[in-house]
Amino acid sequence: MKKVLLSIALVASTALFSNLFAQTVMVGGESMYPAKNIVENAVNSKDHTTLVAAVKAAGLVETLQGKGPFTVFAPVNDAFENLPAGTVDMLLKPENKAALTKVLTYHVVAGKMDFNTIAAAIKKGGGKAEMTTVSGGKLWAMMNGDHNITLKDEAGNMANISVYDVYQSNGVIHVVDKVLMPKM
């Protein structure tokens, strides 16, 4: 019994220690604070205004403020602007809420997967790690150099992670340069 209690105490103190000393990271010109949740931080990033508007339109604010943990691959505004003309406007229409929700939840993986966790999964997978998204789709992560991870979506598109390990109270955000698309 003492060993079990000691193990639980060790795990809890390790988690507390890592959250206390997580670094504040700059994203979109603003500090992202590890003590805040995903939504509380994302709303401050000037690089993620389109993503935040989409999350609000899909009704996912409460979910992403929840306990988690979540890993979010957060596309920058330019990523949305590089979609075919009219795509964002079409997805933001109330009648397309289900499609918007599917696209957004395709960018979320359950659990807290920082760079080291994803890199270890890639190594274990022989060069590729398969992740199941909250939408039920699949994403594949691959190394592209010593410290660069590329994601491949179900449509065959590739996205690079440009900012890693933006720790949140309920998970971690990685900034990506493309919108990831599930099979629709």
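**Strand E3 and its surroundings**

In this predicted model, strand E3 spans residues 70-75, and 6 of its 6 residues are buried, so the strand is largely enclosed by the rest of the structure. Both faces take part. Phe70, Val72 and Ala74 point one way from E3, while Thr71, Phe73 and Pro75 point the other way, and all are buried.

E3 has paired neighbours. Strand E4, residues 108-110, runs antiparallel to E3, with 3 bridges between them. Strand E9, residues 171-176, pairs with E3 in the parallel sense, over 6 bridges.

Phenylalanine 70 is a good place to follow both pairings. This residue lies in E3. Its bridge partner in E4 is alanine 110. The two are 40 residues apart along the chain, yet their C-alpha atoms are separated by 4.8 Å. In E9, phenylalanine 70 stands opposite glycine 171. Its relative accessible area is 14%. The cut-off for buried is under 20%, so phenylalanine 70 counts as buried. Leaving out residues up to four places away in sequence, phenylalanine 70 touches Ile38, Thr63, Leu64, Val108, Val109, Gly111, Asn170, Gly171 and Val172.

Now turn to helix H8, residues 115-124. Its buried residues are Phe115, Ile118, Ala119 and Ile122. They cover an arc of only 100° around the axis, which puts them on the same side of H8. On the other side of the helix, Asn116 and Lys124 are exposed. What do the buried residues of H8 pack against? E3 is one of the elements they meet. The others are strand E5 (129-132), strand E6 (138-143), strand E7 (149-152), E8 and E9. After the helix comes glycine 126, whose phi is positive, near 70°.

Strand E8, residues 158-168, holds the last stop, glutamine 168. Is this residue buried or exposed? Glutamine 168 is buried, with a relative accessible area of 1%. A polar atom of its side chain lies 2.8 Å from the backbone oxygen of valine 166. Not counting residues up to four places away in sequence, glutamine 168 touches Pro34, Lys36, Asn37, Ile38, Asn41, Lys112 and Ile173. Ile38 is thus a link back to E3: it is among the contacts of glutamine 168, and also among those of phenylalanine 70.

Technical notes
Residues numbered from 1 in each chain as written. Predicted model: local features only at pLDDT ≥ 70, side-chain atom pairs only at ≥ 80, totals over all residues. Heavy atoms only, no water. Buried < 20%, exposed > 50% of the residue type's maximum accessible area, 1.4 Å probe, protein only. Helix = DSSP H or I, 4+ residues; strand = E, 2+ residues; numbered from the N terminus. Pairing = 2+ DSSP bridges. Polar contact = N/O pair within 3.5 Å; in protein donor to acceptor, adjacent residues only side chain to side chain. Contact = heavy atoms within 4.5 Å. Arc of directions from axis to C-beta.
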